[in-house]
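Reader: I would like to go through this model by question and answer. Please keep to what the coordinates support.

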Amino acid sequence: MIRRAVEEEDPDRLYTLTGGRSRTDDLELDLVTIIVAESAPSAGMQSEHVKILRITRHPTSVVELSSELSLPVSVVKILVTDLLDSGKVSARHPSFAQAPTSIPDSEFLKKVLVGLRNL
């Protein structure tokens, strides 16, 4: 997010978006937490919630949402928590490839080490 955009943002608008909340108490979301929409927007939803649901049709990180919405990450976390509480989105930390069930044999690892040293 562009620093100037945040500095020019009306604090009253941010206060209104979050309902006066300054942090989330229930869930810790970090910048790389992936958010995925679980349902379509419904009538009467806050416009930012609708935008989040549209963006997260495809898995999107919290920091990407912040950028797309041009809102501070702290505000996005509060809005996402609202949607999590209502079951409209799900959140998960990016997972790495599953750990192999067995460790490669030592001869293979030695060959890799020799190859790396030769670089």
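Author: The turns below cover confidence, fold, helix contacts, the nonpolar core and two single residues.

Reader: What is the mean pLDDT of the chain, and what share of its residues reach 70 or more?

Author: This is a predicted model, and confidence varies along the chain. Over residues 1-6 the pLDDT is below 50, and beyond near neighbours in sequence that stretch has five contacts in the model. For the chain, the mean pLDDT is 80, and the share of residues at 70 or more is 71%.

Reader: In what order do the elements of the chain run?

Author: The secondary structure comes to six helices and three strands. Read from the N terminus, their order is α-α-β-α-β-α-α-β-α.

Reader: Of the contacts with a separation of 6 or more, what percentage comes from residues 24 or more positions apart?

Author: The chain has 119 residues, of which 29% count as buried. Among contacts with a separation of 6 or more, the part made by residues 24 or more positions apart is 72%.

Reader: Are α4 and α5 roughly parallel or roughly perpendicular?

Author: Two packed helices are described by the angle between their axes and the distance between the axes. For helix α4 (residues 62-69) and helix α5 (residues 73-85), the axes come within 9 Å and cross at roughly 110°. Angles of 65 to 115 degrees count as roughly perpendicular. The crossing angle therefore makes α4, relative to α5, roughly perpendicular.

Reader: How do the residues of the contact of α4 with α5 divide by class?

Author: On the α4 side the contact is made by Val62, Leu65, Ser66 and Leu69, and on the α5 side by Val73, Val76, Lys77 and Val80. One of these, valine 76, is in contact with Val62, Leu65, Ser66, Leu69 and Leu71, leaving aside its neighbours within four places in sequence. By class, the contact of α4 with α5 has six nonpolar residues, one polar and one charged.

Reader: Which residues of α5 meet α3?

Author: The axes of α3 and α5 come within 10 Å and cross at roughly 75°, so these two helices are roughly perpendicular to each other. The classes in this contact are five nonpolar, one polar and two charged. From α3 come Glu48, His49, Ile52 and Leu53, and the residues they meet in α5 are Leu79, Val80, Asp82 and Leu83.

Reader: Which element gives the most residues to the largest nonpolar core?

Author: This core has 18 residues, and those with the most contacts inside it are Ile52, Val76 and Val80. Two or more residues each come from β1 (34-37), α3 (47-55), α4 and α5. With six residues, the element that gives the most is α5.

Reader: Does serine 70 count as buried, partly exposed or exposed?

Author: Serine 70 lies in the loop between α4 and α5. Its phi is near 55°, a positive value in a residue other than glycine. Buried means under 20% relative accessible area and exposed means over 50%. Because its relative accessibility is 42%, serine 70 counts as partly exposed.

Reader: How far apart are the C-alpha atoms of glutamate 68 and lysine 51?

Author: Glutamate 68 has its place in helix α4. Because its relative accessibility is 57%, glutamate 68 counts as exposed. Glutamate 68 and lysine 51 are 17 residues apart along the chain, and the separation of their C-alpha atoms is 9.2 Å.

Definitions and conventions. Residues numbered from 1 in each chain as written. Predicted model: local features only at pLDDT ≥ 70, side-chain atom pairs only at ≥ 80, totals over all residues. Heavy atoms only, no water. Axes fitted to C-alpha atoms, helices over the stretch in contact; angles between N-to-C directions. Helix = DSSP H or I, 4+ residues; strand = E, 2+ residues; numbered from the N terminus. Parallel < 35°, antiparallel > 145°, perpendicular 65-115°, else oblique. Contact = heavy atoms within 4.5 Å. Nonpolar A, V, L, I, M, F, W, Y, C, P; charged D, E, K, R; others polar. pLDDT = per-residue confidence, 0-100. Buried < 20%, exposed > 50% of the residue type's maximum accessible area, 1.4 Å probe, protein only. Core = buried A, V, L, I, M, F, W, Y, C linked by side-chain atoms within 4.5 Å.
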